[in-house]
Amino acid sequence: MNNSAFINKCSIAIASVGAIALGANFAAPVQAQQTVITGFSTGGGDMDGMEVIVRFLDGTFEKEIWGTDITIPNAGGASGTDWDLTFSGSTTFGTPWTFNANNPLLSLSINGIPGNTAFDDGSFPSTPGSSGGWSFEVISGEAPDDWEYSIPIDISEGDIWGTLSMNWIDGFTGTMQFIADTDNGSVSNPIAPAQAAPAQVAPAVPIAIQRVAASVPAQVAPARVAPAQVAASAPAKVPEPGTAIALLGFAALGIGSIRRGKQDQSS
């Protein structure tokens with residue numbers, strides 16, 4: 001595969017990933033339906049499914065589910081190990097709840113959301129459909145050292161809450177009666193907690209397509225080889241003509257002397 005084809009394939013793959021990321025970010029979020037308050041006269045039999053949690057002195061917890069008492073009109077409650085919480089009546093507005101504990105308990109918490117129930121503290125402005133409310137108030141018995149409403153409902157104007165909690169520093173035993181007004185949501189739009197504001201996520205920026213330069217063959221400069229420095233042969237020295245004749249003469253004399261020597265020896 002040549003470099004150009006490889007770069008084109010990489011560009012298409014990266015662009016596809018970027019398009020998928022953009023599509024995921026621009027998808028329209030699903031809008032959840034908001035709570036619709038339909039009943040502000042909530043009785044003991046209208047809160048089925050609420051969670052009632054108690055904490056004992058030894059640090060253990062116990063959770064029970066609110067149910068309807070079919071033997072008593074508009075009555076309901078939850079009970080556990082040596083404790084019970086009940087309500088009897090057609091409306092929680094001004095009618096007391098009853099809490100009994102035979103062994104010391106540190107806290108009592110009522111979560112109304114699973115039972116399509118919310119607590120109305122009676123403050124203003126009032127959430128549409130909730131009418132007037134009645135905040136937590138002890139009628140008789142040992143009042144908690146502190147208490148609070150928590151988990152605001154999605155449409156709350158500051159007066160509708162999902163949970164009511166009470167705490168006793170040294171523990172609670174005996175019987176306590178208290179008022180805490182409640183409302184119900186509709187079947188199709190039940191009580192729902194307010195959601196935290198979603199984090200603002202910036203749209204994905206398309207991934208920059210980096211084009212990789214095609215590999216260019218390295219430009220290798222041709223090696224420069226210095227021409228071999230060959231020493232020129234020294235020209236043979238040829239004797240001048242006169243010198244050559246003189247040398248020939250000496251050679252002739254030498255040869256003649258040699259011959260004469262040989263003749264003398266032979267005689």
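A salt bridge here is a side-chain nitrogen of Lys or Arg within 4 Å of a carboxyl oxygen of Asp or Glu. The model is predicted: local features need pLDDT of at least 70, side-chain atom pairs count only at pLDDT 80 or more, and totals for chains, interfaces and linings use all residues. Residues are numbered from 1 along each chain as its sequence is written, and side-chain values use heavy atoms, with hydrogens and water left out.

**Exercise 1.** Find how many salt bridges the rule gives, and place the partners.

Solution. Start with the count: one salt bridge. K63 pairs with E51, and their closest N and O atoms are 3.8 Å apart. Next, locate the two residues. K63 is in strand β3 (residues 61-65) and E51 in strand β2 (residues 51-56), twelve residues apart, so the pair links distant parts of the chain. Strands are DSSP runs of E with at least two residues, helices are runs of H or I with at least four, and both are numbered from the N terminus.

**Exercise 2.** Work out which strands pair with β2.

Solution. Two strands pair if DSSP finds at least two bridges between them. Take β3 to begin with. β2 and β3 are antiparallel over five bridges. V54 has E62 in β3 as its bridge partner. The hairpin of these strands has four residues between them, and G59 takes a positive phi near 90 degrees there. Now take strand β7 (residues 97-111). Its pairing with β2 is antiparallel, over six bridges. Within it, V52 stands opposite I110.

**Exercise 3.** Classify T60, P193 and D170 as buried, partly exposed or exposed.

Solution. Set the cut-offs: buried means under 20% relative accessible area, exposed over 50%, partly exposed in between (1.4 Å probe, protein chains only).

- T60 sits in the loop between β2 and β3. Its relative accessible area is 37%, so T60 is partly exposed. T60 and L105 are 45 residues apart in sequence, with C-alpha atoms 10.0 Å apart.
- P193 lies in the loop between β12 (182-185) and α2 (241-266). P193 is partly exposed because its relative accessibility is 28%. The C-alpha atoms of P193 and S156 are separated by 9.2 Å, at 37 residues apart along the chain.
- D170 belongs to strand β11 (residues 160-179). At 71% relative accessible area, D170 is exposed.

**Exercise 4.** Name the residues that gather with D170 in a patch of negative charge.

Solution. Patches take residues with over 30% relative accessible area and no salt bridge; like charges are joined within 9 Å, nonpolar side chains (Val, Leu, Ile, Met, Phe, Trp, Tyr) within 5 Å. D170 gathers with E142, D145, D146 and E148 on the surface.

Conventions. Accessible areas come from the Shrake-Rupley method with a 1.4 Å probe; for residues, only the protein chains shown count as cover. Lys and Arg count as positive and Asp and Glu as negative; His and the chain ends are not counted. The place of a charge is taken as NZ of Lys, CZ of Arg, CG of Asp or CD of Glu.
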